[in-house]
Amino acid sequence: MKKLTIILMIACCILGFAQQPERMQGHGSDDEPLNPLSFGLREATDAKARYAVLYACHKEAFERHRAVSYAGIDTIWLEIPDTAKTMPLGYNTDFAGVVFFVRNDSEKDLTLFALSGEQPAKEISIDKALLDSGDFRSISEFLAGEHLLIIRDEEPWTERTGYGYTVWRQDLLYVSNGRSLNFPVTSYSTPAAKPKCSFVPVTTDPKTIQNVTIHRGRNEKHKTYCFSVRNQNNVTLRNIHITTPKTKMNADGAISLNNCSNCTIQDVTVDSTYSYKGAYGYALSMNNVWNTTFIRFKADAAWGVFGSNNVSKTTLRECDVNRFDIHCYGRDAYLVNCVFRNKQTQFSSMYGKVVFDSCHFIDCIPVRIRSSYNAYTPFDIIIRNCTFDITLRHHSLVNVMLLSTEANSRPELAARCWPNVTVENLTVNMPSLIRKINVIEPTGTLSECKKPVDYMRSIEINGLRSFRKGKPSRCDIYFTKKAFSTKESFHAVYKNLQNGNGRIIDEINKK
C-alpha cells in the first residue's frame, strides 16, 4: 500500500508538470521569436496592409514578452496608414537582414519602432544634497534593484540667443541597490537649483535591435523616424542602415535616445537625413543619456548628424561623421580613431574632458564652442596622435565663438571659462595657400576679448609636424590671433616642433 501511494504521488507530479504551460517547461513555442510571416505578411494585399500585419506582430510580442525575428523575409514595401501607431519593441528584435522601403503620405510624422519600457517614470521627492552624493540608500524605492533617476532642473539653465527658447538642464543617474554609478554633470547643491525627480526601474538584461536596412521615401508628405529608445538601460542597436533621398523636409531624428544609460550604437550607417543647407535634421538625437558608446558609426548629411543635449560620458570609436556635438550641458567625451569631415565638433556648457585620440580632421575644426547659449563652462581639451588636414576656412584647433556682452544670469554660468588645451604629437597637412595654424581662435564679438577669461591656465604643444604634399613644410603657430588675457596664472609650452622653423606667435596676456 505504501509503495502504491508513492507511485501515485509521482504520477500526479509528472502529470501536473506535463500540463504546465510550455514556457515553464523551457522548450515550448513561447521560447521561439514571433515572426510576421505567422501573422499573414505574405497574404497582405498592399503596403498599408503590411504595416497592419507588422504592428500586430510587434504588439503581441511586446505584450507577451517575446522576441521578434524577421527570418525568411527579404524585402518589405510599407506605406504608413493615416491611423498608424508606432510599433512597440520588446527586448530583442532581429530584423534578420530585411530591407524596408517606407513611404509616409499619411496625415502625420511617425516613428516606426520604439523601445520604451513597460511603465512611465514615477515622480519622487529627493533632497538636492543627495543628488551629488551618489548615496540613495535612505530612499526605500532604490534599496534593491536597478533604477534610472531622471533629474530636471526647474530653474532655467540658460536662454539660446537668436533661437527664442529656454534651455533646461537634465541629468540621468544609474542607481544600483541604493548607490549611483555616476554623478550629475555639475552640482545641484546650489541656491539656484530646483531639481524635480522621477525614476523608472530597469534591468541589466541586454536589449538588441539589429540587422535592418530602411530606405525612406522620396517626396513624402510627412517624415518617418526610424527608432526611438526611451527610459532604457543596456540597449544595443547593431548593423542598421538608413537612407534618405534629397528632401525639402527637416527636423529629423532618425534614431533617438532619451533617458537612457549604457547604450551602444554599433555598425550603424545613416546616408543623409531630413535636412538641407540652413535647416537642421539629425541622424542621431540624444537627450539625457549616460555612458553611450558608438562603434563604427558612419553618417553624413546636409546638416550635422548629431543633435545632443544633457549628455555625459560619450565614446566614439572608429566612427566617420561630419560632426559630433553636445549643444548644451555635457561632460566627458572620448573620441578614438575617428574621422571628422567638413564641419566641426561643437560644445556648450561642457564640463570634464574632451579627448581626441588618433583622430583625423578633414577640413574640420576639432572643437568649436558655441556662443548662442552664453554658457562658457570649465573643461579641458586633449588632442593626441591626431592628423589635421587644414584648409582656408578651417585652420584652427579651437574656435571660441563670442556673442553676448552680458553675463549669464544663472550664477553657475556667470564666469566666462575657456578651456585648457593639450596637444601631443599632431600632424598638420597644409594646402599650398596657407602656412599657419591657430590654436585658439576667438570669433564674433571680439570686444569680449578685453575681459580676462576664467579657468584657462595653459596651452601645451608637445610634438607638431607640418607637411605640404607629403613633404616637411613651414607652418606658423598662432597661439591666438586675437590678444586676450586670463585671470589665472597662464603658461604656454611648446616643444618637439617640426614646423619648418615657422614662427610662434603668442598674443595671450599681452598688453
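Strands β31 and β33 (residues 458-468) pair in the parallel sense over eight bridges, strands being DSSP runs of E of at least two residues and helices runs of H or I of at least four residues, both numbered from the N terminus. Two strands are taken to pair if DSSP finds at least two bridges between them. The model is predicted, so that local features need pLDDT of at least 70 and side-chain atom pairs count only at pLDDT 80 or more, whereas totals for chains, interfaces and linings use all residues. Residues are numbered from 1 along each chain as its sequence is written, and side-chain values use heavy atoms, with hydrogens and water left out.

Within the pairing of β31 with β33, the bridge partner of Val428 is Ser466 in β33. Val428 is also the bridge partner in β31 of Phe388, a pairing that belongs to the three parallel bridges between strand β29 (residues 387-389) and β31. Strand β28 (residues 379-384) pairs with β31 (residues 420-429) as well, in the parallel sense and over five bridges; here Arg384 stands opposite Glu424. A further set of parallel pairings involves β32 (residues 436-444), which is joined to strand β30 (residues 396-402) by six bridges, with Val400 opposite Pro442. Four bridges join β32 to strand β35 (residues 476-480), again in parallel, and the partner of Asn438 in β35 is Tyr478.

Antiparallel pairing is found in an open sheet of five strands with the order β6-β12-β7-β10-β11. Because β6 (122-124) and β11 (179-180) stand at the edges with a single partner strand each, one side of each is left without a neighbour in the sheet. The pairing of β6 with strand β12 (residues 195-202) is antiparallel and extends over three bridges, and Ile124 has Cys197 in β12 as its bridge partner.

Overall, the secondary structure of the protein comes to four helices and 37 strands. The C-alpha atoms fill a box of roughly 105 × 55 × 45 Å along the principal axes. Of the 511 residues, 54% are buried (under 20% relative accessible area, with exposed meaning over 50% and partly exposed in between; 1.4 Å probe, protein chains only). Among contacts (heavy atoms within 4.5 Å) between residues at least 6 apart in sequence, 70% join residues at least 24 apart.

The largest nonpolar core (a set of buried Ala, Val, Leu, Ile, Met, Phe, Trp, Tyr and Cys residues joined through side-chain atoms within 4.5 Å) contains 105 residues, of which Phe100, Phe227, Phe297 and Phe340 touch the most other members. Strand β16 provides the largest share of this core, eight residues. When residues up to four places away in sequence are not counted, the residues touched by Phe340 include Leu316, Val321, Phe324, Leu335, Phe356 and Ile362. A second, separate core of 23 residues includes Ile126, Ile139, Ile151 and Tyr188.

Open and enclosed spaces were located on a 1 Å grid over the protein atoms alone: a cavity is a set of points where a 1.4 Å probe fits but cannot get out, a pocket is an open set with protein on both sides within 12 Å along at least five of seven lines, and lining residues have an atom within 4 Å of a point. Grid points are joined across faces, edges and corners, and a volume is the space filled by probe spheres set on the points. The largest pocket has a volume of about 830 Å³. Its lining comprises 40 residues, and those closest to its centre are Tyr280, Tyr282, Trp303, Arg323 and His327. Elements giving two or more residues to this lining are β14 (224-233), β16 (253-271), β17 (282-295), β19 (306-317) and β24 (344-347). By class, the lining has 13 nonpolar, 19 polar and eight charged residues (Ala, Val, Leu, Ile, Met, Phe, Trp, Tyr, Cys and Pro count as nonpolar, Asp, Glu, Lys and Arg as charged, and the others, Gly among them, as polar). The second largest pocket holds about 170 Å³ of space, and its lining divides into six nonpolar, four polar and two charged residues.

Two cavities of 30 Å³ or more are present. About 50 Å³ of space lies in the largest cavity, to whose lining β10 (170-176), β17 and β19 each give two or more residues. The second largest cavity, of about 30 Å³, is lined by seven nonpolar, three polar and no charged residues.
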